[in-house]
Amino acid sequence: MSNVDNVIVRNLDDEEDESKAVMLFGRDIRKIPCFKQSMLTGIYSGLTAGLVTFMFTSRGNLSANVALGSYMGVASIYWCYCRYNNTMEKYEMQNLQDIMRQKSINAVETTSEKTG
């Protein structure tokens, strides 16, 4: 009976996840790698740069421009950096899988040669 309850709860969780989908240009932005972290980093840097600029100059327009520019620049740079690292990790994982596959094939061949 507990397995049935677990399946029902899992299905309800899946339905809730679907209802919370945040769509942008037809894609769920929660599933885009690096999106959340790059946006948060950009927002924090823009807020910090804008506040620091306002504290030193007391000019609202300038601090707003600096905040927006900092947000856009940091978010873009962090996005590229994160996506590059993500791609390199996938590449390394593929290489590791190929090496492991080759070693397992070699191990099977050597054991078949010893028995045959």
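This report describes a disulfide, a serine beside it in the fold's second helix, and two annotated spans in a predicted model.

The structure holds one disulfide, and this bond joins C34 to C82 with a distance of 2.1 Å from S to S. The torsion about the S-S bond is about -75°, so the disulfide formed by C34 and C82 is left-handed. C34 lies in the loop between β2 (27–28) and α2, while C82 belongs to helix α3 (residues 60–115), so the pair ties together parts that are 48 residues apart in sequence. Because buried means under 20% relative accessible area, C34 counts as buried at 13%, and C82 is likewise buried at 18%.

S38 lies in helix α2, which covers residues 35–57, and S38 is buried, with a relative accessible area of 0%. The side chain of S38 reaches the backbone oxygen of C34 at 2.9 Å, and C34 is one of the two cysteines of the disulfide. When residues up to four places away in sequence are not counted, S38 touches A75, Y78 and W79.

The unreviewed UniProt entry carries the annotation "transmembrane region" for residues 39–56 and 62–81. The table sets out how these two spans appear in the model.

| Span | Distance between end C-alpha atoms | Helix and strand content |
|---|---|---|
| Residues 39–56 | 26 Å | 100% helix, 0% strand |
| Residues 62–81 | 28 Å | 100% helix, 0% strand |

Conventions. Residues are numbered from 1 along each chain as its sequence is written. This is a predicted model: local features need pLDDT of at least 70, side-chain atom pairs count only at pLDDT 80 or more; totals for chains, interfaces and linings use all residues. Side-chain values use heavy atoms; hydrogens and water are left out. Helices (H or I, at least four residues) and strands (E, at least two) are DSSP runs, numbered from the N terminus. Buried means under 20% relative accessible area, exposed over 50%, partly exposed in between (1.4 Å probe, protein chains only). A polar contact is a pair of N or O atoms within 3.5 Å; within protein, one must be able to donate a hydrogen and the other to accept it, and residues adjacent in sequence count only if both atoms are side-chain atoms. Contact means heavy atoms within 4.5 Å. UniProt positions are given in the numbering used here, feature names are shortened, and annotations may be inferred rather than shown by experiment. A disulfide is a pair of cysteine sulfur atoms within 2.5 Å.
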